[in-house]
Amino acid sequence: MNITIIDYGAGNIQSIKFAFQRIGIDPQLTDDPEIIKKAERVIFPGVGEASSAMRKLKATGLDTLIPKLTQPVLGICLGMQLMCNKSEEGNTKGLGIFDVDVKRFSNKVKVPQIGWNQISNLKTDLFEGISEEEYMYLVHSYYAPLCAETIATSHYELDYSSALRKNNFYGTQFHPEKSSLAGQKVLENFLKLKVQG
Amino acid sequence: MLTKRIIPCLDIKNGRTVKGVNFVDLRDAGDPVELAKIYAENGADELVFLDISATEERRKTLIDLVLRVAEQVNIPFTVGGGISSVEDVDLLLKSGADKVSINSSAVKNPQLINDLSAKFGSQCVVVAIDAKQINGQWKVHLVGGKVPTELDLFDWAKEVEQRGAGEILFTSMDNDGTKDGFANEALARLSTELNIPIIASGGAGKINHFTDTFKDGKADAALAASVFHFKEIEINDLKKELRDNGIAVRIPS
């Protein structure tokens, strides 16, 4: 299968590439719009700060390309947050795919949240074969609140969206590539998703 | 619920594990990747690789190791030891490390913490602090605890947080190697006064030491080396015991 990881200089994308290689797939790393458009699956990663990541997307025109993609797209961590309307981090306008605004955890809890937390209320085929309350690895200071597009929830200070879906667009706040065998299963499920017409 | 993390630490010299390990079932017990895979399978939540090589080729050897770990291990890992520049960190993260740990270089050049968190995000910046008590005062030490500084542990920890560290790895030199338990009083004070996760290190000997450091020390994670390497404590057993004591841990299904 032809999988593309969008390489726009935002963080640890080697780990995502290696995670796919462990399940026998060799993804392509690129920022070339033509290659991204033709891919059967697109991974939109992101680690770091929202406004600088968004600037990098704009510099390459990827900010207009990504919302128009029609194949299954998976945003991971900051990638998922950038697919939302906006983020409190750097007061950043996002890609507007998910209709929700990203907020910062308050200082009632330690920020960032770092570690393994449970995912619950699982919906869609992305979580086929994954148990309720399975553990996934998360590292983040900002979160997407619950909304109509929530397909998994986690609890840290409050219940929030640990995964989102709208049409062909999926996003996970957790890092499937770092979440042991359970995370690997999510990546396998993403590859198996039926493409909608 | 966010779980407490168990973190085995591997000391690395010239790409090989340093301290003896007692893993008879390993093909090559000196290979950090083999050991890392076993720990990941046995329920470790993260791994730390601490490089203590001092050779000219150390950088290249370490990068090769990080690439191999990232290829083969499906849990997060931190790399520390001799990291002193933004370029060092850039290379390590690009090779697949999730976080880096800085220690002496942060004391010598605190601005490095700001620079790293601005460029890569605070989530990947762990500041390691070694300290021991001198006349009842916790003082920061450098070079593996050999060189004392004037810095007070708690003042330095707060400064490190303000400069953008995402986590603190606190090793008590008073407890390290004693197998007598973690420095829970100091840990609890760090955890209460700061708002970033604290990793406890130094003193692990028995399973109840971990229970104590999560309960009394309010630690977010606990790191240990020899008790795991010599199989004195199995991570699976440790986690079951922690769970039975009401501590949230991840037990892989």
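Which residues does Pro110(B) touch, not counting residues up to four places away in sequence? The answer is Glu159(B) and Arg163(B). This is a predicted model, and Pro110(B) makes a handy place to start a tour of it.

## Around Pro110(B)

Pro110(B) sits in chain B, in the loop that lies between helix H4 (104-108) and helix H5 (111-120). Is this proline buried, exposed or partly exposed? Pro110(B) has 15 other C-beta atoms within 10 Å, so it counts as partly exposed; a buried residue would need 20 or more, and an exposed one 12 or fewer. For a sense of distance in chain B, take Val33(B): it is 77 residues from Pro110(B) along the chain, and the C-alpha atoms of the two are separated by 32 Å.

## Strand S1(B) and its partners

Let us move to strand S1 of chain B, which covers residues 5-13. This strand is mostly covered, with seven of its nine residues buried. S1(B) pairs with several other strands of chain B, and the table sets these pairings side by side.

| Partner of S1(B) | Sense | Bridges | Residues standing opposite |
|---|---|---|---|
| S11(B), residues 221-224 | parallel | four | Pro8(B) and Ala224(B) |
| S3(B), residues 47-51 | parallel | four | Asp11(B) and Leu50(B) |
| S2(B), residues 16-17 | antiparallel | two | Ile12(B) and Thr17(B) |

The pairing with S2(B) has a further feature: S1(B) and S2(B) form a hairpin, with two residues between them. One residue in that turn is Asn14(B), whose phi is positive, at about 50°.

As background on strands in general, the side chains of a regular strand alternate between the two faces of the sheet.

## The nonpolar core

Next comes the interior. The largest nonpolar core holds 138 residues, and Val127(B), Ile168(B) and Ala222(B) have the most contacts inside it. Strand S6 of chain B (residues 125-134) gives the largest share of this core, six residues.

What does Ile168(B) contact once its neighbours within four places in sequence are left aside? Its partners are Val127(B), Ile129(B), Ala157(B), Val160(B), Leu190(B), Leu194(B), Ile196(B), Ile198(B) and Ile199(B). Val127(B) thus appears here as a partner of Ile168(B), as well as being listed with Ile168(B) among the residues with the most contacts in the core.

## Chain A as a whole

Now for the other chain. Chain A contains six helices and 13 strands. Its radius of gyration is 15 Å, close to the 16 Å that the globule rule gives for 197 residues, so chain A is as compact as a globular protein of that length. Along its principal axes, the C-alpha trace of chain A spans about 45 × 35 × 30 Å. Of the 197 residues in chain A, 54% are buried. Among contacts in chain A with a separation of 6 or more, 67% are between residues 24 or more positions apart.

## Where the chains meet

How many residues of each chain are in contact with the other? There are 29 from chain A and 29 from chain B. On the chain A side, at least two residues each come from helix H1 (14-22), strand S8 (113-119), strand S9 (134-140), strand S11 (150-156) and helix H6 (180-192). S8(A) supplies the largest share of that side, six residues. By type, the chain A residues touching chain B divide into eleven nonpolar, 14 polar and four charged.

Conventions:
Residues are numbered from 1 along each chain as its sequence is written. Chains are lettered from A and ligands numbered from 1 in the order in which they are written. This is a predicted model: local features need pLDDT of at least 70, side-chain atom pairs count only at pLDDT 80 or more; totals for chains, interfaces and linings use all residues. A nonpolar core is a set of buried Ala, Val, Leu, Ile, Met, Phe, Trp, Tyr and Cys residues joined through C-beta atoms within 7 Å. Two residues are in contact if their C-beta atoms, placed from the backbone, lie within 7 Å. Two strands pair if DSSP finds at least two bridges between them. Ala, Val, Leu, Ile, Met, Phe, Trp, Tyr, Cys and Pro count as nonpolar, Asp, Glu, Lys and Arg as charged, and the others, Gly among them, as polar. The radius of gyration is taken over C-alpha atoms; the globule rule is 2.2 Å times the number of residues to the power 0.38.
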